[in-house]
Amino acid sequence: MLNIPRKLNPDAADAFYVRSLIRSQFRLAISVALGFLLLLIGLAVIGAAWPQIQEIRLATIPLPWWLLGVGVYPMILLSAFLFNRAAARNEQQYRSIVEQ
Amino acid sequence: MNSTVSLLAVLIVSVATVTIAINGLRLSRTTGDFYVASRTVPPWWNASAIGGEYLSAASFLGIAGLIVVSGQDGLWFPIGYTAGYLMLLLFVAAPLRRSRAYTIPDFAQIRFGSMPLRRLTSFLVIVICWLYIVPQLHGAALTLGISTGLPGWMGAALVMGIVCMTVLAGGMRSITFVQAFQYWLKLAALAIPTVFLLLHLDLQGQSATLGGAIFDVEAQQTTAKGLYYNISLLVALLFGTLGLPHVLVRFYTNPDGPSARKTTAIVLGLLTLFYLFPTMLGILGRAYTPELASSGNADATVLLLPGRIIGGTAGDALTAIIVGGAFAAFLSTSSGLVVSLAGAISQDLFQGTVRGFRIATVMATAVPLLLALGTNTFALAGAIGSVFAFTASTICPLLLLGIWWRGLTSTGAVAGLVTGALSCGSALVLAAVLPTTQGSFHDMVSQPAAWSVPLAFLVMIAVSLGTKDRIPSRVDAVLARLHVPEQSHDRNG
């Protein structure tokens, strides 16, 4: 089951490229996660700090219900789409350096 | 309410599940077949299967009930369930696929090469699966009781009986098709009744929201849980998802890292589509079954709405559709969990023999059934929230640090897992024993994720820093395997 990559002692340059790939993927993941969390916190704070927002209604339903029940989801999908594109680009970059 | 139609729906779903499972026996049986199948399973198909397995009783019945009880606060639950998959996509999906781990204990072994850590992880997986199955059985008991009037324990016994049979037959799990079908079945079973209910109200000239009055009521009677509770719940849901044992196993079916990412993105789309309907039904519930909020039976909202709004034969037919979908939810989630559970038990207790797997399956179904029969039905969404808190305090730090930090040692991992499990577990037990009081202390123990997750991370990091000399020598090779894109170091994946 343990199928360790062939190069058990990758040379220094290779190890360096792998580490910078991991670092850039991590930075990407953290920034998307933080951006999304800030959005959620923002929504929670708006609801708590501005109760009159409940009076803004669309088809009898208050605006916060629209935001939390519907509006958040396109944001999740957009985050996922942007992340997938950027992650693939990071990998592409790594590949083009290593396979030169 | 005419219970015959509902009973018929339960029987049809049960018979269909058993039939497909037994026929599936011929199609694929081993993890090897599962792996080979991965070459031909397109991402959207795989994504439907993940959605089918993930959408459990808590999603199908619990969310609408929660919206009836807590109003706007209830909307955070589906957000958490969905955003949990976003976290899984960001931090776990591609690296985990590349690790070629089939289960979480496999990952622990690949990453650290430590048998004690593997055993500890298996133990935690077993606890998590048991705790996760119990609310499914409570859901089954509730559904059967409400829709047919039969004693609730029969629903729980029926679900576990069918799951035990299908898993013993060896089908179900390996068939991506069944789980994929379950997603669309569950979606249809909520979408069709929702559309009919809304149309009916529209034709009658009635307002689905009583002209918006139901949102005013909420402002008066504040059952709001408070900021700490909501934040803690979100932490649990966001970080609990990426450690769920039955979810991880599905990622193995993706051929490579990028397709694992693509699959997860499609799962997000499918969850978004699904959660529209429990939310709408919850709003209808606030208008037409508001008395359920105080009766402690709010999880029945979805089941009672058609009878309340339309009634007659049409109401019975719509109820039957929902009941069928609900049983599909209990069956698919439970069978996914039982397979993960039986795999973990048999691997570590019976050295992975076929006979061992059979004994393990019986153990895997009997224990949660006894637990479910011995405990009272409590709010489904809340019970699942506790399981997510436990996963987020244990498996989540292990996966996140194991994938992204080369400094994690097996000693650190063990210390963090034990800390997370003990602190979160004892808090949840304390919350169950203590009398329910509205207070910050009760919130702290009943929803511990906000402090137990950071605690587990801190212990894992601190102990790893203290045992730096124990960093496995092959850590760089393992991390390279997790993160380096497939084509450049292994063209055959």
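**View 1. V92(B) is a buried residue in a loop of chain B.**
V92(B) counts as buried because it has 27 C-beta neighbours inside 10 Å. A residue is called buried if 20 or more other C-beta atoms lie within 10 Å of its own, exposed if 12 or fewer, and partly exposed in between, with C-beta atoms placed from the backbone. This is a predicted model, in which local features need pLDDT of at least 70 and side-chain atom pairs count only at pLDDT 80 or more, while totals for chains, interfaces and linings use all residues. Residues are numbered from 1 along each chain as its sequence is written, and chains are lettered from A and ligands numbered from 1 in the order in which they are written. The loop that holds V92(B) runs between α5 (76–91) and α6 (93–99) of chain B. Helices (H or I, at least four residues) and strands (E, at least two) are DSSP runs, numbered from the N terminus. Leaving out residues up to four places away in sequence, V92(B) touches L242(B), L399(B) and I403(B). Two residues are in contact if their C-beta atoms, placed from the backbone, lie within 7 Å. K262(B) is 170 residues away from V92(B) along the chain, and the C-alpha atoms of the two are separated by 13 Å.

**View 2. G62(B) is a buried glycine within a helix.**
The helix is α4 (residues 57–70) of chain B. Around G62(B) there are 29 other C-beta atoms within 10 Å, so G62(B) is buried. From C-alpha to C-alpha, G62(B) and G285(B) are 12 Å apart in space, with their positions 223 residues apart in sequence.

**View 3. Helices α8 and α9 of chain B both reach close to their expected spans.**
The expected span of a helix is 1.5 Å times one less than its number of residues. Helix α8 (residues 115–148) of chain B has 34 residues and reaches 49 Å from its first C-alpha to its last, close to the expected 50 Å. Of the 34 residues in α8(B), 27 are buried, so the helix is mostly covered by the cut-off for burial. Just after α8(B) comes G149(B), with a positive phi of about 80 degrees. Helix α9 (residues 152–169) of chain B has 18 residues and reaches 26 Å, close to the expected 26 Å. Buried residues of α9(B) include G155(B), L158(B), V159(B), I162(B) and T166(B).

**View 4. V159(B) has many contacts within the largest nonpolar core.**
A nonpolar core is a set of buried Ala, Val, Leu, Ile, Met, Phe, Trp, Tyr and Cys residues joined through C-beta atoms within 7 Å. The largest such core has 187 residues, and those with the most contacts inside it are L86(B), L137(B) and V159(B). Helix α17 (residues 312–349) of chain B gives the largest share of this core, 18 residues. Beyond its neighbours within four places in sequence, V159(B) is in contact with Q136(B), L137(B), A140(B), F330(B), L331(B) and S334(B).

**View 5. Helices α12 and α23 of chain B pack obliquely.**
Helix α12 (residues 227–240) and helix α23 (residues 449–466) of chain B meet at an angle of about 45 degrees, with their axes 8 Å apart. That angle makes α12(B) oblique to α23(B). Axes are lines fitted to C-alpha atoms, for helices over the stretch in contact, and angles run from 0 to 180 degrees between N-to-C directions. Angles under 35 degrees count as roughly parallel, over 145 as roughly antiparallel, 65 to 115 as roughly perpendicular and the rest as oblique. From α12(B), the contact uses Y228(B), I231(B), S232(B), V235(B), A236(B) and F239(B), and from α23(B) it uses A449(B), A450(B) and V453(B). By class, these are eight nonpolar, one polar and no charged residues. Ala, Val, Leu, Ile, Met, Phe, Trp, Tyr, Cys and Pro count as nonpolar, Asp, Glu, Lys and Arg as charged, and the others, Gly among them, as polar.

**View 6. The two helices of chain A run roughly antiparallel.**
Chain A has two helices and two strands, in the order α-β-β-α along the sequence. The axes of α1(A) and α2(A) come within 10 Å and cross at roughly 170 degrees. This makes α1(A) roughly antiparallel to α2(A).

**View 7. Chain A touches chain B.**
In this interface, 41 residues of chain A are in contact with 39 residues of chain B. On the side of chain A that touches chain B, α2(A) gives the most, with 19 residues. The residues on that side of chain A are 30 nonpolar, seven polar and four charged.
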